[in-house]
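Here are a few notes to go with the model you sent over. Have a look at the structure first, then read on.

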Amino acid sequence: MMLVVTDLCKSYGKLQVLKSVNMQCKAGDICGVLGANGAGKTTLFKIILGLVKPDSGRVNLKAQGIKPIGGIVEKPALYDYLNAYDNLNLFCKSQGLKPTATDIYNRLQQVGLPIDRTDPVRNYSMGMKQRLGIAIALLNNPKSLILDEPFSGLDPLGISALRKLIIDLAEKQHLAILISSHIIDELSKICNTLYVIKEGEIIKSGSAQDIILENTTSFSFSAPNIKLSEALKCYDVKFKGEIAQVSVSTNQVPKLIQELSEEKIFITSCVPELDMDKLFQYP
Ligand SMILES: Nc1ncnc2c1ncn2[C@@H]1O[C@H](COP(=O)(O)OP(=O)(O)OP(=O)(O)O)[C@@H](O)[C@H]1O
């Protein structure tokens, strides 16, 4: 394991923000921390990055080297009045690096930023600032990366481009990556492992796929003429155009698809619909 969190506890005054949190992330894995506003995600990430001291518990980072972990909490801390090149150059120097111009251009290219923009980063879009923040977090080659709500404020295209960058960092550079969000869709498309945090407590953890399926109580089936199905009359179903949202458990799905195909209704997509109340319920 690259990153192991054991029994972390943290209180601010009478407020218990983290209650014995345990978590692990291995090289090449993307682990998601899903929780509502105020659940304790940022506090957890600040403790892992060494920015806040826990009351008790441990963070073990297995990597050697100057910087075992890098990350962005809340939002990328940038010098707004400098351009991307000068930002990177300054952060390199503050981290003891002496980069050549080529090193800096390579770093910008690694995160998909243009190398020919010379205007200050205050003009950059949120997605570009996130990318520059990631380039800075990756200086000195940490083995683990922490990203706190990296998708917030990004448009769908920006989300999908950033998702690709994060997946590349995990797959090609074998980084252990921890990402927080309060939106399950943002995490389900990228994470292998999920931790659900509620009021400072991890209430569910496991493979992202398993957690999604265990907390799915209905599926949306798309097919031309799905409204004409006789088989669906035996189920609790809501229609929206050519989509039928059917209350079925995961293991009933193959049987239903079979019944529909016998009626010559051929499914073009079958999407699990998460039950958010169930997801955030104590097990
Ligand atoms: N320095 C602090 N002093 C006092 N209370 C704090 C401090 N930092 C965080 N808290 C409180 O701890 C709780 C958890 O905050 P935290 O920022 O960790 O949650 P979060 O899950 O990241 O929320 P969000 O999704 O809104 O960013 C909140 O009630 C917050 O007000």
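Which residues of helix α2 (residues 84-94) are buried?

1. Keep in mind that this is a predicted model. To take that opening point straight away: Ala84, Asn87, Leu88 and Phe91 are the buried residues of α2. They sit on the same side of the helix, because they cover an arc of only 95° around its axis.

2. What do those buried residues of α2 pack against? Their partners are two other helices, α3 (101-110) and α4 (126-137). Just after α2 there is a backbone detail to look at: Gly96 has a positive phi, about 80°.

3. Now the ligand. Tyr12, Leu15 and Val17 are part of its surroundings, along with Gly35 and a run from Asn37 through Gly38, Ala39, Gly40, Lys41 and Thr42 to Thr43. His182 completes the list.

4. Which elements supply at least two residues each to that shell? Strand or helix, the names to remember are β2 (15-25) and α1 (41-48). The largest share comes from α1, with 3 residues.

5. On chemistry, the shell around the ligand is made up of 7 polar residues, 4 nonpolar ones and 1 charged one.

6. For the annotation, UniProt has an unreviewed entry that places "domain: ABC transporter" at residues 3-224. In the model, that span is 32% helix and 31% strand, and its end C-alpha atoms are 48 Å apart.

Key
Residues numbered from 1 in each chain as written. Predicted model: local features only at pLDDT ≥ 70, side-chain atom pairs only at ≥ 80, totals over all residues. UniProt positions renumbered as here; feature names shortened; annotations may be inferred. Helix = DSSP H or I, 4+ residues; strand = E, 2+ residues; numbered from the N terminus. Near = placed C-beta within 6 Å. Nonpolar A, V, L, I, M, F, W, Y, C, P; charged D, E, K, R; others polar. Buried ≥ 20, exposed ≤ 12 C-beta atoms within 10 Å, placed from the backbone. Arc of directions from axis to C-beta. Contact = placed C-beta atoms within 7 Å.
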